Amino acid sequence: MQFIDEARIRVEAGKGGDGVISWRREKYVPKGGPDGGNGGVGGSVYLEADTQLSTLLDFRYLKKVTAGDGNPGAANNCTGRNGKDAIIRVPVGTQVRDTANGHLVADLLEKGQSVLIAKGGRGGLGNTEFKTSTNQAPRHKTDGKPGEAMDLELELKLLADVALVGFPNAGKSTLISRISAAKPKIAEYPFTTLIPNLGIVQAPAEHQSFVVADIPGLIEGASEGRGLGHQFLKHIERSAVLLFLLDGTDELNPPSESFKVLKKELGSFNKELLAKPRLVVITKSDSIPEDAMAKFRKSKIDGKKPMIISAVAGENIPELIALLWEKVLAMKAEQL
């Protein structure tokens with residue numbers, strides 16, 4: 001399945017049904033009077049968040065959604081049937097904007113959350129509605145109103161408690177495969193991860209878990225459009241905690257320098273990302289020479305001693321999960 005996180009679509013609500021002019025023509029009922037019914041209301045367009053969806057792929061082919069028109073009224077004061085509503089299902093985490101002005105129309109953050117996007121047109125009035133004491137035989141009715149229509153931009157931002165941030169080949173995919181059931185592609189060359197991956201991690205507390213997102217690797221200049229990671233920086237915005245993974249075996253880019261570059265790219269994209277709780281980890285301890293390991297143990301990054309882990313060997317993985325869980329709980333408590 002392709003991972004599509006942006007799409008455009010046009011939505012059109014249904015037109016209201018027309019009112020009608022009609023007269024009672026029953027035997028033994030002289031001067032029966034008007035009995036024209038009102039038109040039905042046009043169908044509306046709704047957006048609904050669905051946890052079964054994880055991409056906007058459907059909208060690569062679906063460019064327009066139209067709700068049903070209301071039926072016209074009928075004799076005997078019968079109101080026309082309302083038009084059928086159109087329900088568009090999107091992944092949880094989808095933001096919807098009006099293409100015309102960029103206004104945020106909806107932000108679907110919860111399962112089953114439903115938002116009215118385009119309201120159906122009002123039905124027209126039949127001639128019965130115009131009967132008065134001085135006008136017993138009105139020959140007037142109104143037509144149904146057109147429904148609302150607009151062009152929308154859909155943007156999916158993944159919902160995760162923890163986002164893994166790092167350069168390509170820093171061990172993000174290996175870590176998420178170790179701590180969750182996620183099975184991302186893992187290889188020894190950079191840019192193995194081409195789409196974000198989500199994994200559910202069992203927390204130290206019983207029957208508790210949190211979600212981790214593996215974001216494609218960033219490179220210097222990502223906030224300006226370089227590399228692959230820039231396409232997915234927006235997915236980090238919704239995360240409660242950032243986990244920086246720094247490759248301890250990369251001699252050309254030492255962990256301290258890598259952290260500075262990553263931090264700069266996040267700040268250039270969105271300064272609010274730098275205010276999020278974060279944890280810094282040096283990876284691949286199983287492959288780090290002893291002299292370099294001794295240096296890392298004495299070093300400080302982001303003002304603290306970094307945790308050193310090995311996802312392959314499982315070194316310090318339980319301790320890492322516990323720390324992440326503490327930060328996630330603290331962030332959720334603050335939000336409440």
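A residue is called buried here when its relative accessible area is under 20%. By that yardstick, buried residues make up 47% of the 336 residues in the chain of this predicted model. In helix H2, which runs over residues 255-269, the buried set consists of Pro255, Ser258, Phe259, Val261, Leu262, Glu265, Leu266 and Gly267. Some of that spacing fits a general rule: an α-helix has 3.6 residues a turn, so residues three or four places apart point the same way. The buried residues of H2 pack against strands E9, E12 and E13 and against helix H3. The length of H2 checks out too: at 1.5 Å a residue its 15 residues should span 21 Å, and the end C-alpha atoms are indeed 21 Å apart.

Stepping back to the whole chain, the model has four helices and 14 strands. Of the contacts with a separation of 6 or more, 72% link residues 24 or more positions apart. As for confidence, the chain averages a pLDDT of 85, and 90% of the residues score at least 70. Two stretches fall below 50. One is residues 189-194, which still has 17 contacts in the model beyond near neighbours in sequence. The other is residues 225-229, with ten such contacts.

Now to the sheets. One of them is open and built from five strands in the order E3-E1-E8-E5-E6, with mixed pairing. Its edges are strand E3 (64-66) and strand E6 (104-108); each has a single partner strand, so one side of each is left without a neighbour in the sheet. On average, neighbouring strands here are turned by 25 degrees against each other, direction ignored. Strand E5 (residues 94-98) runs antiparallel to E6, and four bridges join the two. Within that pair, Thr94 sits opposite Leu108 of E6.

Another open sheet has six strands, ordered E10-E11-E9-E12-E13-E14, and its pairing is mixed as well. Strand E10 (197-202) and strand E14 (307-308) are the edge strands, each pairing on one side only. Further in, strand E9 (residues 162-165) pairs with strand E12 (residues 241-247) in the parallel sense, over four bridges. Val165 has Phe244 of E12 as its bridge partner. Helix H1 (residues 172-179) lies across E9, E10, strand E11 (209-214) and E12, running at about 160 degrees to E11.

On edge strand E10, Gln202 offers a local view. Setting aside neighbours within four places in sequence, Gln202 is in contact with His207, Gln208, Ser209 and Ile321. Gln202 and Ile179 are 23 residues apart in sequence, yet their C-alpha atoms are 7.9 Å apart in space.

What about the nonpolar interior? The largest nonpolar core has 28 residues, and those touching the most other members are Val11, Phe59, Ile88 and Leu154. At least two residues each come from strand E1 (6-12), strand E2 (45-50), strand E4 (86-91), E6, strand E7 (114-118) and strand E8 (149-156). E8 gives the most, with four residues. Leu154 makes a good case to follow by eye: apart from neighbours within four places in sequence, its contacts are Asp5, Glu6, Ala7, Ile9, Leu56, Phe59, Val90, Thr94, Gln95 and Val96. That list brings back Phe59, another of the best-connected core members, and Thr94, the residue opposite Leu108. A second, separate core counts 26 residues, including Val162, Leu175, Leu245 and Leu324.

Finally, a couple of backbone oddities. Lys284 is not a glycine, but its phi is positive, at about 65 degrees. Lys284 belongs to the loop between strand E13 (278-283) and helix H3 (290-298). With a relative accessible area of 23%, Lys284 counts as partly exposed. Asp302 tells a similar story: phi is near 60 degrees, again a positive value in a residue other than glycine. Asp302 is found in the loop between H3 and E14. Its relative accessible area is 31%, so Asp302 is partly exposed too.

Conventions: Residues are numbered from 1 along each chain as its sequence is written. This is a predicted model: local features need pLDDT of at least 70, side-chain atom pairs count only at pLDDT 80 or more; totals for chains, interfaces and linings use all residues. Side-chain values use heavy atoms; hydrogens and water are left out. Two strands pair if DSSP finds at least two bridges between them. Contact means heavy atoms within 4.5 Å. Axes are lines fitted to C-alpha atoms, for helices over the stretch in contact, and angles run from 0 to 180 degrees between N-to-C directions. Buried means under 20% relative accessible area, exposed over 50%, partly exposed in between (1.4 Å probe, protein chains only). pLDDT is the predictor's confidence in each residue, from 0 to 100. The expected span of a helix is 1.5 Å times one less than its number of residues. A nonpolar core is a set of buried Ala, Val, Leu, Ile, Met, Phe, Trp, Tyr and Cys residues joined through side-chain atoms within 4.5 Å.
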